[in-house]
Amino acid sequence: MSPGDRRASLAGIQTMVPVLGRYAGLLTVGLLGLVVFGPLAVFLPLWSALTLGAAAALAGGLALTRIATLKARCEKLSGEVDLLSRRLLKVETAAATAAAQPRPETAEAALRAQIEELTVEFGLLSGIVRDLTTVVSAQDTEIAALKARPEIAPEIRTTETPRPQPAAPVAALDAAAAPLLPQPRAQATPLERVPPRPQPAPADRQPVPDPVPSVPARPIPPRPIPPRPAAAPADEAAIIAAFEGDGLEIHLQPVVTLPQRKVVAYEALARLRIGGPGAPPVEPEVFLPVLERFGRTTELDRRMLQRATVVARHLARRGSETLLTYGLSPLSLFEPGLLRELARTAADDPALAGLTIALPQESWRRLDAGQRGLLAPLQGRIGFSLDRPDDLRFDAAELAALGIGQVKVPAEMLLRPGAGRGSLSDIAVEDTAPALARAGIRVVATGVADEADVPDLIDLDVPFAQGTAFAAPRPVRAEVLAAPPSEEPTPPPEPERRPFRSVLRRAV
(Lines give C-alpha, C1' and ligand atoms only; values in the text may rest on other atoms or scores of the structure.)
Protein backbone atom coordinates (compact mmCIF):
# COMPACT_ATOMS: atom_id res chain seq x y z
CA MET A 1 0.00 0.00 0.00
CA SER A 2 1.35 3.36 -0.95
CA PRO A 3 1.74 6.22 1.53
CA GLY A 4 -1.07 8.17 -0.21
CA ASP A 5 -3.51 5.29 0.21
CA ARG A 6 -2.59 5.03 3.87
CA ARG A 7 -3.24 8.71 4.45
CA ALA A 8 -6.62 8.43 2.69
CA SER A 9 -7.64 5.44 4.78
CA LEU A 10 -6.59 7.18 7.99
CA ALA A 11 -8.57 10.25 7.01
CA GLY A 12 -11.67 8.11 6.37
CA ILE A 13 -11.25 6.39 9.72
CA GLN A 14 -10.87 9.76 11.47
CA THR A 15 -14.08 10.95 9.76
CA MET A 16 -16.05 7.87 10.81
CA VAL A 17 -14.85 7.90 14.44
CA PRO A 18 -17.17 10.75 15.58
CA VAL A 19 -20.17 9.14 13.85
CA LEU A 20 -19.42 5.72 15.36
CA GLY A 21 -18.73 7.30 18.73
CA ARG A 22 -22.19 8.91 18.74
CA TYR A 23 -23.96 5.61 18.06
CA ALA A 24 -21.46 3.28 19.81
CA GLY A 25 -23.90 2.37 22.60
CA LEU A 26 -26.67 1.43 20.23
CA LEU A 27 -24.34 -0.63 18.05
CA THR A 28 -23.00 -2.49 21.09
CA VAL A 29 -26.48 -3.33 22.38
CA GLY A 30 -27.54 -4.47 18.91
CA LEU A 31 -24.54 -6.77 18.51
CA LEU A 32 -25.08 -8.27 22.01
CA GLY A 33 -28.74 -8.87 21.26
CA LEU A 34 -27.91 -10.54 17.98
CA VAL A 35 -25.28 -12.79 19.61
CA VAL A 36 -27.47 -13.65 22.65
CA PHE A 37 -30.95 -13.81 21.20
CA GLY A 38 -30.00 -15.48 17.97
CA PRO A 39 -29.31 -18.92 19.50
CA LEU A 40 -32.20 -18.48 21.99
CA ALA A 41 -34.62 -17.89 19.14
CA VAL A 42 -33.53 -21.21 17.68
CA PHE A 43 -33.49 -23.35 20.82
CA LEU A 44 -35.95 -21.46 23.21
CA PRO A 45 -38.47 -19.46 21.14
CA LEU A 46 -40.80 -18.60 24.07
CA TRP A 47 -38.07 -17.26 26.28
CA SER A 48 -36.69 -15.36 23.36
CA ALA A 49 -40.07 -13.62 22.77
CA LEU A 50 -40.45 -12.71 26.46
CA THR A 51 -36.96 -11.31 26.57
CA LEU A 52 -37.53 -9.23 23.44
CA GLY A 53 -40.78 -7.85 24.89
CA ALA A 54 -39.05 -6.88 28.15
CA ALA A 55 -36.24 -5.21 26.22
CA ALA A 56 -38.76 -3.29 24.07
CA ALA A 57 -40.65 -2.09 27.18
CA LEU A 58 -37.42 -0.95 28.78
CA ALA A 59 -36.40 0.90 25.63
CA GLY A 60 -39.85 2.57 25.42
CA GLY A 61 -39.63 3.71 29.05
CA LEU A 62 -36.20 5.20 28.48
CA ALA A 63 -37.47 6.99 25.38
CA LEU A 64 -40.43 8.51 27.24
CA THR A 65 -38.20 9.66 30.06
CA ARG A 66 -35.85 11.33 27.59
CA ILE A 67 -38.77 13.01 25.80
CA ALA A 68 -40.10 14.43 29.08
CA THR A 69 -36.65 15.75 29.97
CA LEU A 70 -36.26 17.40 26.56
CA LYS A 71 -39.74 18.95 26.80
CA ALA A 72 -38.95 20.52 30.18
CA ARG A 73 -35.71 21.93 28.83
CA CYS A 74 -37.54 23.38 25.77
CA GLU A 75 -40.11 25.10 27.97
CA LYS A 76 -37.38 26.61 30.12
CA LEU A 77 -35.53 27.86 27.04
CA SER A 78 -38.79 29.32 25.63
CA GLY A 79 -39.39 31.27 28.85
CA GLU A 80 -35.86 32.66 28.79
CA VAL A 81 -36.24 33.69 25.13
CA ASP A 82 -39.55 35.47 25.94
CA LEU A 83 -37.94 37.35 28.82
CA LEU A 84 -35.04 38.34 26.62
CA SER A 85 -37.39 39.59 23.85
CA ARG A 86 -39.29 41.74 26.34
CA ARG A 87 -36.09 43.30 27.57
CA LEU A 88 -34.98 43.99 24.00
CA LEU A 89 -38.34 45.57 23.15
CA LYS A 90 -38.13 47.80 26.23
CA VAL A 91 -34.63 48.90 25.29
CA GLU A 92 -35.70 49.69 21.68
CA THR A 93 -38.69 51.72 22.90
CA ALA A 94 -36.52 53.75 25.26
CA ALA A 95 -33.97 54.34 22.49
CA ALA A 96 -36.70 55.51 20.04
CA THR A 97 -38.16 57.89 22.65
CA ALA A 98 -34.75 59.33 23.42
CA ALA A 99 -34.05 59.79 19.70
CA ALA A 100 -37.41 61.55 19.10
CA GLN A 101 -36.84 64.15 21.80
CA PRO A 102 -34.82 67.13 20.56
CA ARG A 103 -31.64 67.95 22.29
CA PRO A 104 -31.89 70.94 24.64
CA GLU A 105 -28.91 72.60 23.03
CA THR A 106 -30.41 72.36 19.52
CA ALA A 107 -33.87 73.55 20.59
CA GLU A 108 -32.44 76.48 22.53
CA ALA A 109 -30.25 77.55 19.63
CA ALA A 110 -33.16 77.39 17.16
CA LEU A 111 -35.41 79.36 19.51
CA ARG A 112 -32.74 81.99 20.03
CA ALA A 113 -32.25 82.40 16.28
CA GLN A 114 -35.99 82.74 15.72
CA ILE A 115 -36.29 85.36 18.47
CA GLU A 116 -33.45 87.38 16.97
CA GLU A 117 -35.07 87.28 13.54
CA LEU A 118 -38.45 88.36 14.87
CA THR A 119 -36.86 91.13 16.96
CA VAL A 120 -35.38 92.61 13.80
CA GLU A 121 -38.83 92.66 12.19
CA PHE A 122 -40.40 94.22 15.26
CA GLY A 123 -38.98 97.68 14.60
CA LEU A 124 -40.07 97.63 10.96
CA LEU A 125 -43.59 96.51 11.77
CA SER A 126 -43.95 99.08 14.56
CA GLY A 127 -43.22 101.91 12.12
CA ILE A 128 -45.64 100.45 9.59
CA VAL A 129 -48.36 100.26 12.23
CA ARG A 130 -47.82 103.88 13.25
CA ASP A 131 -48.05 105.04 9.64
CA LEU A 132 -51.15 102.91 9.11
CA THR A 133 -52.80 104.40 12.19
CA THR A 134 -52.17 107.92 10.88
CA VAL A 135 -53.59 107.08 7.44
CA VAL A 136 -56.69 105.42 8.91
CA SER A 137 -57.34 108.40 11.18
CA ALA A 138 -57.14 110.77 8.21
CA GLN A 139 -59.49 108.57 6.18
CA ASP A 140 -61.98 108.45 9.06
CA THR A 141 -62.02 112.25 9.16
CA GLU A 142 -62.62 112.46 5.40
CA ILE A 143 -65.37 109.84 5.51
CA ALA A 144 -67.10 111.69 8.36
CA ALA A 145 -66.95 114.91 6.33
CA LEU A 146 -68.47 113.15 3.28
CA LYS A 147 -71.26 111.70 5.41
CA ALA A 148 -72.07 115.19 6.71
CA ARG A 149 -72.71 116.66 3.23
CA PRO A 150 -76.08 115.00 2.42
CA GLU A 151 -77.50 116.32 5.72
CA ILE A 152 -76.82 119.94 4.74
CA ALA A 153 -77.88 119.59 1.10
CA PRO A 154 -81.67 119.78 1.76
CA GLU A 155 -81.23 123.02 3.73
CA ILE A 156 -79.33 124.62 0.86
CA ARG A 157 -81.97 123.52 -1.64
CA THR A 158 -84.78 125.24 0.26
CA THR A 159 -83.00 128.59 0.03
CA GLU A 160 -82.67 128.36 -3.72
CA THR A 161 -85.26 129.54 -6.24
CA PRO A 162 -88.20 127.08 -6.38
CA ARG A 163 -88.93 125.14 -9.51
CA PRO A 164 -91.26 127.13 -11.82
CA GLN A 165 -94.92 126.16 -11.39
CA PRO A 166 -97.86 126.75 -13.75
CA ALA A 167 -100.50 129.36 -12.93
CA ALA A 168 -103.26 126.77 -12.26
CA PRO A 169 -102.21 125.71 -8.73
CA VAL A 170 -101.89 129.29 -7.45
CA ALA A 171 -104.65 128.66 -4.90
CA ALA A 172 -102.70 125.69 -3.48
CA LEU A 173 -99.86 127.97 -2.35
CA ASP A 174 -100.31 128.89 1.32
CA ALA A 175 -98.69 131.38 3.60
CA ALA A 176 -95.82 128.99 4.39
CA ALA A 177 -94.56 129.28 0.78
CA ALA A 178 -94.97 133.04 0.61
CA PRO A 179 -91.37 133.92 1.53
CA LEU A 180 -90.16 131.82 -1.40
CA LEU A 181 -92.23 133.64 -4.03
CA PRO A 182 -90.57 137.07 -4.30
CA GLN A 183 -87.53 135.92 -6.21
CA PRO A 184 -86.16 137.89 -9.14
CA ARG A 185 -85.30 134.76 -11.10
CA ALA A 186 -88.81 133.36 -10.67
CA GLN A 187 -90.35 136.50 -12.27
CA ALA A 188 -88.17 136.10 -15.30
CA THR A 189 -89.23 132.54 -16.09
CA PRO A 190 -91.27 132.04 -19.27
CA LEU A 191 -93.98 130.07 -17.49
CA GLU A 192 -95.10 133.08 -15.43
CA ARG A 193 -95.94 135.13 -18.55
CA VAL A 194 -99.22 133.21 -18.84
CA PRO A 195 -102.07 135.55 -17.74
CA PRO A 196 -103.73 134.51 -14.47
CA ARG A 197 -107.18 133.01 -14.51
CA PRO A 198 -110.00 135.32 -13.42
CA GLN A 199 -111.46 132.79 -10.93
CA PRO A 200 -109.55 130.84 -8.30
CA ALA A 201 -109.68 127.07 -8.21
CA PRO A 202 -112.61 125.56 -6.25
CA ALA A 203 -111.85 124.50 -2.68
CA ASP A 204 -113.04 120.91 -3.21
CA ARG A 205 -110.90 120.45 -6.28
CA GLN A 206 -107.66 118.52 -5.79
CA PRO A 207 -104.45 120.19 -6.95
CA VAL A 208 -103.56 119.14 -10.45
CA PRO A 209 -100.13 117.55 -10.89
CA ASP A 210 -97.47 119.68 -12.44
CA PRO A 211 -97.59 119.43 -16.23
CA VAL A 212 -94.46 118.87 -18.20
CA PRO A 213 -93.01 122.32 -18.85
CA SER A 214 -92.55 123.29 -22.46
CA VAL A 215 -89.15 124.76 -21.65
CA PRO A 216 -86.82 122.58 -19.56
CA ALA A 217 -85.91 124.08 -16.21
CA ARG A 218 -82.39 125.33 -15.89
CA PRO A 219 -80.43 123.16 -13.48
CA ILE A 220 -79.36 124.81 -10.25
CA PRO A 221 -75.57 124.78 -9.95
CA PRO A 222 -74.45 123.13 -6.72
CA ARG A 223 -72.85 125.30 -4.12
CA PRO A 224 -69.57 124.32 -2.54
CA ILE A 225 -70.31 123.04 0.96
CA PRO A 226 -67.47 123.38 3.46
CA PRO A 227 -66.65 120.09 5.23
CA ARG A 228 -67.99 119.83 8.74
CA PRO A 229 -65.79 118.33 11.46
CA ALA A 230 -66.50 114.72 12.42
CA ALA A 231 -67.49 115.63 15.96
CA ALA A 232 -68.09 118.97 17.61
CA PRO A 233 -65.94 119.85 20.63
CA ALA A 234 -69.05 119.85 22.80
CA ASP A 235 -69.90 116.31 21.68
CA GLU A 236 -66.35 115.13 22.42
CA ALA A 237 -66.51 116.68 25.85
CA ALA A 238 -69.85 114.97 26.50
CA ILE A 239 -68.44 111.63 25.34
CA ILE A 240 -65.40 111.91 27.60
CA ALA A 241 -67.57 112.99 30.53
CA ALA A 242 -69.95 110.05 30.02
CA PHE A 243 -67.01 107.65 29.71
CA GLU A 244 -65.38 108.90 32.88
CA GLY A 245 -68.72 108.73 34.67
CA ASP A 246 -71.22 105.91 34.73
CA GLY A 247 -72.17 106.02 31.06
CA LEU A 248 -70.34 102.87 29.96
CA GLU A 249 -72.59 99.80 29.75
CA ILE A 250 -72.14 96.19 28.66
CA HIS A 251 -74.75 94.68 26.35
CA LEU A 252 -75.05 91.04 25.31
CA GLN A 253 -76.16 89.76 21.91
CA PRO A 254 -76.71 85.99 21.51
CA VAL A 255 -75.08 83.74 18.92
CA VAL A 256 -77.43 80.96 17.78
CA THR A 257 -77.06 77.69 15.90
CA LEU A 258 -78.55 77.17 12.46
CA PRO A 259 -81.21 76.06 11.83
CA GLN A 260 -82.18 75.20 15.46
CA ARG A 261 -81.61 78.78 16.77
CA LYS A 262 -80.25 77.54 20.06
CA VAL A 263 -78.16 80.08 22.00
CA VAL A 264 -74.57 78.83 22.33
CA ALA A 265 -72.65 82.06 22.99
CA TYR A 266 -72.97 85.77 23.72
CA GLU A 267 -71.00 88.74 22.45
CA ALA A 268 -70.20 91.51 24.92
CA LEU A 269 -70.76 94.90 23.25
CA ALA A 270 -69.77 98.29 24.65
CA ARG A 271 -72.43 101.02 24.76
CA LEU A 272 -72.09 104.58 26.06
CA ARG A 273 -75.05 106.46 27.50
CA ILE A 274 -74.46 110.17 26.83
CA GLY A 275 -76.62 112.76 28.54
CA GLY A 276 -77.87 110.98 31.63
CA PRO A 277 -79.73 107.80 32.55
CA GLY A 278 -82.71 108.53 30.31
CA ALA A 279 -80.70 109.03 27.12
CA PRO A 280 -80.44 106.12 24.66
CA PRO A 281 -77.04 104.43 24.50
CA VAL A 282 -74.89 105.02 21.44
CA GLU A 283 -72.85 102.42 19.57
CA PRO A 284 -69.04 102.30 19.35
CA GLU A 285 -69.05 103.92 15.89
CA VAL A 286 -69.97 107.19 17.63
CA PHE A 287 -67.68 107.28 20.65
CA LEU A 288 -64.80 104.95 19.73
CA PRO A 289 -63.06 107.44 17.34
CA VAL A 290 -63.12 110.05 20.11
CA LEU A 291 -61.64 107.63 22.63
CA GLU A 292 -58.94 106.67 20.12
CA ARG A 293 -57.97 110.32 19.62
CA PHE A 294 -57.72 110.79 23.39
CA GLY A 295 -55.87 107.49 23.91
CA ARG A 296 -58.57 105.92 26.09
CA THR A 297 -59.18 102.67 24.18
CA THR A 298 -57.02 100.61 26.54
CA GLU A 299 -59.01 101.88 29.50
CA LEU A 300 -62.22 100.98 27.64
CA ASP A 301 -60.99 97.43 27.05
CA ARG A 302 -59.84 97.07 30.66
CA ARG A 303 -63.23 98.11 32.05
CA MET A 304 -65.14 95.98 29.56
CA LEU A 305 -62.95 92.93 30.27
CA GLN A 306 -63.59 93.31 33.98
CA ARG A 307 -67.36 93.25 33.42
CA ALA A 308 -67.12 90.43 30.86
CA THR A 309 -65.09 88.45 33.41
CA VAL A 310 -67.85 88.87 35.98
CA VAL A 311 -70.48 87.65 33.50
CA ALA A 312 -68.29 84.71 32.42
CA ARG A 313 -67.83 83.66 36.06
CA HIS A 314 -71.57 83.79 36.64
CA LEU A 315 -72.26 81.70 33.54
CA ALA A 316 -69.66 79.12 34.59
CA ARG A 317 -71.02 78.99 38.15
CA ARG A 318 -74.51 78.39 36.79
CA GLY A 319 -73.22 75.39 34.83
CA SER A 320 -73.88 76.97 31.43
CA GLU A 321 -71.65 76.00 28.51
CA THR A 322 -72.29 79.24 26.59
CA LEU A 323 -69.23 81.23 25.60
CA LEU A 324 -68.72 84.98 25.97
CA THR A 325 -66.82 86.92 23.28
CA TYR A 326 -65.43 90.45 23.52
CA GLY A 327 -63.81 92.31 20.63
CA LEU A 328 -60.50 93.76 21.77
CA SER A 329 -59.27 97.04 20.29
CA PRO A 330 -56.18 96.64 18.06
CA LEU A 331 -54.46 99.46 19.96
CA SER A 332 -54.62 97.42 23.16
CA LEU A 333 -52.07 95.01 21.69
CA PHE A 334 -49.46 97.73 22.22
CA GLU A 335 -50.25 97.84 25.96
CA PRO A 336 -48.43 94.86 27.52
CA GLY A 337 -49.89 95.53 30.95
CA LEU A 338 -53.45 94.76 29.83
CA LEU A 339 -52.59 91.35 28.36
CA ARG A 340 -50.36 90.41 31.31
CA GLU A 341 -53.15 91.29 33.72
CA LEU A 342 -55.60 89.20 31.71
CA ALA A 343 -53.14 86.27 31.68
CA ARG A 344 -52.77 86.39 35.48
CA THR A 345 -56.54 86.53 35.92
CA ALA A 346 -57.08 83.58 33.56
CA ALA A 347 -54.38 81.56 35.34
CA ASP A 348 -55.97 82.14 38.75
CA ASP A 349 -59.58 81.50 37.71
CA PRO A 350 -60.38 78.40 35.59
CA ALA A 351 -63.95 79.70 35.17
CA LEU A 352 -62.66 82.09 32.50
CA ALA A 353 -62.29 79.20 30.05
CA GLY A 354 -65.58 80.35 28.54
CA LEU A 355 -64.21 83.83 27.74
CA THR A 356 -63.05 84.57 24.19
CA ILE A 357 -61.24 87.69 22.98
CA ALA A 358 -61.61 88.74 19.34
CA LEU A 359 -59.13 90.68 17.23
CA PRO A 360 -59.44 91.99 13.66
CA GLN A 361 -58.00 89.95 10.81
CA GLU A 362 -55.37 92.60 10.11
CA SER A 363 -54.16 92.46 13.71
CA TRP A 364 -53.73 88.69 13.58
CA ARG A 365 -51.74 89.01 10.36
CA ARG A 366 -49.40 91.68 11.76
CA LEU A 367 -48.57 90.16 15.15
CA ASP A 368 -44.96 90.79 16.13
CA ALA A 369 -42.75 88.74 18.44
CA GLY A 370 -43.68 90.73 21.53
CA GLN A 371 -47.41 90.44 20.93
CA ARG A 372 -47.15 86.72 20.26
CA GLY A 373 -45.28 86.35 23.52
CA LEU A 374 -48.05 88.19 25.38
CA LEU A 375 -50.78 86.08 23.79
CA ALA A 376 -48.97 82.76 24.35
CA PRO A 377 -49.84 82.49 28.09
CA LEU A 378 -53.51 83.04 27.22
CA GLN A 379 -53.62 80.20 24.69
CA GLY A 380 -55.44 77.22 26.14
CA ARG A 381 -56.90 79.22 29.04
CA ILE A 382 -59.24 81.51 27.11
CA GLY A 383 -60.45 81.40 23.53
CA PHE A 384 -59.26 83.43 20.53
CA SER A 385 -61.50 84.71 17.75
CA LEU A 386 -60.93 86.44 14.41
CA ASP A 387 -63.26 89.39 13.87
CA ARG A 388 -63.84 92.09 11.25
CA PRO A 389 -62.19 90.33 8.29
CA ASP A 390 -61.11 92.28 5.22
CA ASP A 391 -61.30 89.25 2.91
CA LEU A 392 -62.09 85.53 2.92
CA ARG A 393 -58.49 84.35 2.58
CA PHE A 394 -58.37 82.16 5.69
CA ASP A 395 -55.46 79.75 6.21
CA ALA A 396 -57.00 77.11 8.48
CA ALA A 397 -53.65 75.63 9.55
CA GLU A 398 -52.20 79.04 10.43
CA LEU A 399 -55.30 80.06 12.39
CA ALA A 400 -55.28 76.78 14.31
CA ALA A 401 -51.59 77.27 15.16
CA LEU A 402 -52.44 80.69 16.64
CA GLY A 403 -55.12 79.09 18.81
CA ILE A 404 -58.04 80.72 16.99
CA GLY A 405 -61.19 78.66 17.44
CA GLN A 406 -63.77 81.03 15.94
CA VAL A 407 -64.02 83.22 12.84
CA LYS A 408 -66.74 85.88 12.62
CA VAL A 409 -67.64 86.90 9.06
CA PRO A 410 -70.31 89.42 8.03
CA ALA A 411 -73.25 87.75 6.33
CA GLU A 412 -73.03 90.27 3.49
CA MET A 413 -69.51 89.04 2.67
CA LEU A 414 -70.66 85.42 2.55
CA LEU A 415 -73.92 85.89 0.65
CA ARG A 416 -72.83 88.59 -1.80
CA PRO A 417 -69.08 88.20 -2.29
CA GLY A 418 -69.20 89.78 -5.76
CA ALA A 419 -69.68 93.22 -4.23
CA GLY A 420 -65.98 93.33 -3.35
CA ARG A 421 -63.73 91.28 -5.61
CA GLY A 422 -60.86 91.75 -3.18
CA SER A 423 -62.69 89.72 -0.53
CA LEU A 424 -62.71 86.52 -2.61
CA SER A 425 -60.43 83.63 -1.64
CA ASP A 426 -58.87 80.75 -3.52
CA ILE A 427 -61.66 78.36 -2.46
CA ALA A 428 -65.38 78.70 -3.12
CA VAL A 429 -67.51 80.56 -0.60
CA GLU A 430 -69.63 77.47 0.07
CA ASP A 431 -66.45 75.58 1.04
CA THR A 432 -65.20 78.19 3.50
CA ALA A 433 -67.15 76.99 6.55
CA PRO A 434 -66.48 73.24 5.97
CA ALA A 435 -62.76 73.87 5.41
CA LEU A 436 -62.45 75.78 8.68
CA ALA A 437 -64.60 73.22 10.51
CA ARG A 438 -62.16 70.46 9.56
CA ALA A 439 -59.46 72.41 11.43
CA GLY A 440 -61.69 72.79 14.50
CA ILE A 441 -62.64 76.43 13.75
CA ARG A 442 -66.30 77.43 13.76
CA VAL A 443 -67.71 80.16 11.51
CA VAL A 444 -70.20 82.74 12.83
CA ALA A 445 -72.16 84.89 10.36
CA THR A 446 -72.63 88.35 11.88
CA GLY A 447 -74.97 91.20 11.03
CA VAL A 448 -77.89 88.98 9.97
CA ALA A 449 -80.78 91.44 9.84
CA ASP A 450 -83.10 89.80 7.28
CA GLU A 451 -84.91 86.51 7.76
CA ALA A 452 -84.58 85.82 4.03
CA ASP A 453 -80.80 85.45 4.45
CA VAL A 454 -81.11 82.60 6.98
CA PRO A 455 -81.89 79.82 4.43
CA ASP A 456 -78.99 81.00 2.25
CA LEU A 457 -76.61 80.79 5.20
CA ILE A 458 -77.86 77.27 5.94
CA ASP A 459 -77.15 76.31 2.32
CA LEU A 460 -73.57 77.53 2.80
CA ASP A 461 -73.19 75.17 5.82
CA VAL A 462 -72.69 78.10 8.20
CA PRO A 463 -73.28 76.59 11.66
CA PHE A 464 -73.72 79.78 13.73
CA ALA A 465 -75.22 83.23 13.17
CA GLN A 466 -75.72 86.51 15.01
CA GLY A 467 -77.81 89.58 14.28
CA THR A 468 -81.03 91.45 14.88
CA ALA A 469 -82.95 88.81 12.92
CA PHE A 470 -82.52 86.58 15.98
CA ALA A 471 -82.17 89.01 18.90
CA ALA A 472 -81.02 92.57 19.49
CA PRO A 473 -78.32 93.42 22.07
CA ARG A 474 -79.75 93.71 25.58
CA PRO A 475 -78.07 95.37 28.57
CA VAL A 476 -76.94 93.40 31.60
CA ARG A 477 -78.69 94.61 34.71
CA ALA A 478 -76.56 96.62 37.15
CA GLU A 479 -77.49 94.38 40.07
CA VAL A 480 -76.11 91.40 38.16
CA LEU A 481 -72.70 93.04 37.79
CA ALA A 482 -72.72 94.11 41.43
CA ALA A 483 -74.27 90.87 42.75
CA PRO A 484 -72.38 88.52 45.11
CA PRO A 485 -70.90 85.36 43.57
CA SER A 486 -73.81 83.22 44.74
CA GLU A 487 -76.31 84.97 42.51
CA GLU A 488 -76.75 84.18 38.86
CA PRO A 489 -76.70 86.63 35.96
CA THR A 490 -79.71 87.33 33.83
CA PRO A 491 -78.60 87.02 30.22
CA PRO A 492 -80.73 88.44 27.42
CA PRO A 493 -83.82 86.38 26.59
CA GLU A 494 -83.34 83.73 23.95
CA PRO A 495 -84.70 84.58 20.52
CA GLU A 496 -87.97 83.13 19.40
CA ARG A 497 -87.48 79.73 17.79
CA ARG A 498 -89.38 79.29 14.58
CA PRO A 499 -89.85 76.13 12.54
CA PHE A 500 -87.53 75.81 9.61
CA ARG A 501 -90.44 75.44 7.20
CA SER A 502 -91.89 78.79 8.24
CA VAL A 503 -88.52 80.42 7.66
CA LEU A 504 -88.40 78.97 4.16
CA ARG A 505 -91.96 80.13 3.44
CA ARG A 506 -91.09 83.67 4.48
CA ALA A 507 -87.96 83.62 2.38
CA VAL A 508 -89.83 82.58 -0.80
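These are my notebook entries on what I looked up in this structure, which is a predicted model.

**Entry 1: the chain as a whole**

I began with the overall composition, and found that the secondary structure of the chain comes to 17 helices and 10 strands. The chain has 508 residues, of which 29% count as buried. I then turned to the contacts between residues at least 6 apart in sequence, and noted that 69% of them join residues at least 24 apart. For the surface, I recorded that the chain exposes about 32800 Å², with carbon and sulfur atoms supplying 62% of that area.

**Entry 2: a nonpolar patch at H2 and H3**

Next I looked for nonpolar surface, and noted a patch of about 750 Å² that is made by Val42, Phe43, Leu44, Leu46, Trp47 and Leu50. Helix H2 (24–43) and helix H3 (45–100) are the elements that give two or more residues to this patch, and H3 supplies the largest share, three residues. I checked Leu44 separately, since its place is in the loop between H2 and H3; Leu44 counts as partly exposed because its relative accessibility is 43%, which falls between the 20% and 50% cut-offs.

**Entry 3: strand E2 and the loop before it**

I went on to Ala268, which lies in strand E2 (residues 263–273). Is Ala268 buried or exposed? I found a relative accessible area of 2%, so Ala268 is buried. Setting aside the neighbours within four places in sequence, I listed the contacts of Ala268 as Ile250, His251, Leu252, Leu324, Thr325 and Tyr326. I also noted Gln253, which is 15 residues from Ala268 along the chain, while the C-alpha atoms of the two are separated by 6.9 Å.

In the loop between strand E1 (248–257) and E2 I came to Pro259, which is joined to Leu258 by a cis peptide bond with omega at about 5 degrees.

**Entry 4: salt bridges**

I took up the charged pairs next, keeping in mind that side chains of opposite charge can pair when their charged atoms come close. A search of the whole structure gave 15 salt bridges, and I followed several of them in detail.

The pair I looked at to begin with was Arg261 and Glu451, whose closest N and O atoms are 2.8 Å apart. Arg261 lies in the loop between E1 and E2 and Glu451 in the loop between strand E8 (442–446) and H15, so this salt bridge ties together parts of the chain that are 190 residues apart in sequence. I noted that Arg261 and Glu451 are both buried.

I then examined Asp391 and Arg365, whose side chains meet in a salt bridge with an N to O distance of 2.8 Å. Asp391 is in the loop between E6 and H12, and Arg365 is in helix H10 (residues 361–365), 26 residues away in sequence. Here the two partners fall in separate classes of exposure: Asp391 counts as buried because its relative accessibility is 8%, whereas Arg365, at 43%, counts as partly exposed.

Asp453 and Arg416 form a further salt bridge, at 3.7 Å from N to O. What does this pair tie together? Asp453 lies in helix H15 and Arg416 in the loop between helix H13 (411–415) and helix H14 (432–438), so the pair ties together parts that are 37 residues apart in sequence. I recorded Asp453 as buried at 14% relative accessibility and Arg416 as partly exposed at 38%. I closed this search with Glu244, Arg296 and Glu299, which are joined into one network by salt bridges that share partners.

**Entry 5: helix H7**

For helix H7 (residues 284–293), I listed the buried residues as Phe287, Val290 and Leu291. Seen down the axis of H7, these buried residues fall within an arc of 100 degrees, so they line one face of the helix. H7 is followed by Gly295, which has a positive phi near 70 degrees.

**Entry 6: positive phi outside glycine**

Last, I looked for positive phi values in residues other than glycine, and noted Arg388, with phi near 50 degrees. Arg388 lies in the loop between strand E6 (383–387) and helix H12 (396–401), and is partly exposed, with a relative accessible area of 40%. I also noted Asp461, which is not a glycine but has a positive phi of about 65 degrees; its place is in the loop between helix H15 (453–459) and strand E9 (464–465).

Technical notes
Residues are numbered from 1 along each chain as its sequence is written. This is a predicted model: local features need pLDDT of at least 70, side-chain atom pairs count only at pLDDT 80 or more; totals for chains, interfaces and linings use all residues. Side-chain values use heavy atoms; hydrogens and water are left out. Helices (H or I, at least four residues) and strands (E, at least two) are DSSP runs, numbered from the N terminus. Buried means under 20% relative accessible area, exposed over 50%, partly exposed in between (1.4 Å probe, protein chains only). Contact means heavy atoms within 4.5 Å. Patches are made of residues with over 30% relative accessible area and no salt bridge: like charges are joined within 9 Å, nonpolar side chains (Val, Leu, Ile, Met, Phe, Trp, Tyr) within 5 Å. Accessible areas come from the Shrake-Rupley method with a 1.4 Å probe; for residues, only the protein chains shown count as cover. A salt bridge is a side-chain nitrogen of Lys or Arg within 4 Å of a carboxyl oxygen of Asp or Glu. The arc is that of the directions from the helix axis to the C-beta atoms.
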